[in-house]
Amino acid sequence: MLSALAACQGQPARLVAGIADTVVVNNVHPVQMPMHVFDAAGHALPDTGIHFQWTSGVAVPVSDRGVVKCTQAGDAALRASLGTLVTPFLLRCRPVRDVLGGGELRFVLGDPPQDLLFAPVDSDGRPVTLFTAGVSYDSAVVTLDGWRIGARAQGRTSVDIYIGDSWAHWFVSVYERASTVEGIRPGQGLAVPVRLAGGEMHSLQLLPSPPTYSVTMLPDRDSLRVPRLAIVGANCLRQNFPYGYACFALPGASVVAYHPKDDHPKEAWSGTIAVFREVRP
């Protein structure tokens with residue numbers, strides 16, 4: 001089989017660097033430049049034995065094997081050679097010190113997509129506008145169209161955008177719309193919308209723990225005020241990530257949304273009680 005594979009592969013005929021013979025490097029630490037080798041039929045060949053050389057432009061430390069360290073922003077002309085093959089290409093150094101952005105996103109199934117807001121910056125905090133990025137996420141839970149994220153199915157996932165040596169991280173929760181949290185399963189998130197006049201309250205019964213619960217109130221997009229939240233019959237801790245309360249529910253515990261009768265009593269407050277039952281005990 002190996003002999004047949006070797007017979008199908010020809011001699012190196014073409015070297016390709018990055019996209020259109022342009023390589024963008026956002027790393028601060030040394031990194032191996034990408035270079036692809038193809039035969040005349042377009043079959044990919046091993047990329048061993050390629051030599052690299054700086055020729056002009058900004059002075060960039062580059063090894064004979066193509067390890068480059070972008071110490072400053074700028075463009076440099078380099079060339080790669082393999083035997084008699086020589087390919088000039090452009091190296092565009094745009095080192096990124098940090099990627100600003102990330103945080104927490106919460107969706108109820110049916111909500112419109114949101115933009116993932118992030119900004120790569122250099123060591124002086126200035127925006128870096130030329131970059132290449134990688135992204136990781138669970139496509140069973142969320143969708144990604146460009147940098148717009150939407151909800152696909154109930155669950156939780158992380159979204160990470162990698163640029164150079166840095167990244168931005170989002171923690172994403174997706175809830176199903178429901179009228180009650182009765183029978184909520186471990187690993188399930190339910191969202192119950194409420195609209196309360198002054199003095200009204202709405203209570204949801206919780207099954208006893210374990211496992212624990214994450215509970216929060218999601219604001220409506222067109223509402224200035226949201227109902228207040230109380231958890232009765234549970235031991236809870238305020239948590240900042242994910243935002244809300246982490247609660248161990250005792251028998252008879254409940255989540256209560258309420259609108260104090262003396263606080264803007266003529267206004268109706270609306271929001272969504274979001275309850276996620278954790279997987280682990």
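In the protein chain of this predicted model, 61% of the contacts between residues at least 6 apart in sequence join residues that are at least 24 apart. The secondary structure of the chain comes to one helix and 24 strands. With a radius of gyration of 27 Å, well over the 19 Å that the globule rule gives for 281 residues, the chain is more spread out than a compact globule. Taken along the principal axes, the C-alpha atoms fill a box of roughly 85 × 50 × 30 Å. Of the 281 residues, 40% are buried, and the chain exposes about 15,100 Å², of which carbon and sulfur atoms supply 55%.

A search of the whole structure for paired aromatic rings finds five aromatic pairs. One of them joins Phe 52 and Phe 89 in an edge-to-face arrangement, with 6.3 Å from centre to centre and 90° between the planes. This pair links distant parts of the chain, since Phe 52 belongs to strand E6 (residues 51–57) and Phe 89 to strand E9 (residues 85–93), 37 residues apart. Phe 52 counts as buried because its relative accessibility is 7%, under the 20% limit, and Phe 89, with a relative accessible area of 5%, is buried as well. An edge-to-face pair is also formed by Tyr 175 and Phe 276, whose ring centres are 6.4 Å apart and whose planes stand at 80°. Tyr 175 lies in strand E18 (residues 166–177) and Phe 276 in strand E24 (residues 269–277), so that this pair ties together parts of the chain that are 101 residues apart in sequence. Both Tyr 175 and Phe 276 are buried.

Phe 118, Phe 131 and Trp 147 form one aromatic cluster. Trp 147 also takes part in a nonpolar patch on the surface, together with Val 135 and Tyr 137, and these three residues have about 240 Å² of accessible area together. Within this patch, Tyr 137 is placed in the loop between strand E14 (134–136) and strand E15 (142–145), and its relative accessibility of 33% makes Tyr 137 count as partly exposed.

Turning to charged side chains, the structure holds 10 salt bridges. In one of these, Asp 75 is joined to Arg 92, the closest N and O atoms being 3.4 Å apart. Asp 75 lies in strand E8 (residues 74–82) and Arg 92 in strand E9, so the salt bridge ties together parts that are 17 residues apart in sequence. Both partners are partly exposed, Asp 75 with a relative accessible area of 31% and Arg 92 with one of 26%. Asp 75 and Arg 92 are further linked with Arg 94 in a network of salt bridges.

A salt bridge also connects the side chains of Glu 104 and Arg 106, with 2.6 Å from N to O. Here Glu 104 is partly exposed, with a relative accessible area of 24%, whereas Arg 106, at 15% relative accessibility, counts as buried. The side chains of Asp 124 and Arg 126 likewise meet in a salt bridge, at 3.2 Å from N to O. In that case Asp 124 counts as exposed at 57% relative accessibility, while Arg 126 counts as partly exposed at 49%.

Arg 106 appears again in the surroundings of Thr 216, which, leaving aside residues up to four places away in sequence, touches Arg 106, Leu 229, Tyr 243, Gly 244, Thr 272, Ile 273 and Ala 274. Thr 216 has its place in strand E21 (residues 213–219) and counts as buried at 3% relative accessibility. The C-alpha atoms of Thr 216 and Pro 12, which are 204 residues apart along the chain, are separated by 60 Å.

Arg 280, by contrast with the buried Thr 216, is exposed, with a relative accessible area of 68%. Arg 280 is located in the segment after E24, and its contacts, not counting residues up to four places away in sequence, are with Pro 211 and Thr 212. Between Arg 280 and Leu 204, which are 76 residues apart in sequence, the distance in space is 22 Å from C-alpha to C-alpha.

Key:
Residues numbered from 1 in each chain as written. Predicted model: local features only at pLDDT ≥ 70, side-chain atom pairs only at ≥ 80, totals over all residues. Heavy atoms only, no water. Patch = residues over 30% accessible without salt bridge, like charges linked within 9 Å, V, L, I, M, F, W, Y side chains within 5 Å. Areas by Shrake-Rupley, 256 points an atom, 1.4 Å probe, with all protein chains shown as cover. Salt bridge = Lys/Arg side-chain N within 4 Å of Asp/Glu carboxyl O. Helix = DSSP H or I, 4+ residues; strand = E, 2+ residues; numbered from the N terminus. Buried < 20%, exposed > 50% of the residue type's maximum accessible area, 1.4 Å probe, protein only. Rg over C-alpha atoms; globule rule 2.2 N^0.38 Å. Contact = heavy atoms within 4.5 Å. Phe/Tyr/Trp six-rings, centres within 6.5 Å; stacked < 30°, edge-to-face > 60°.
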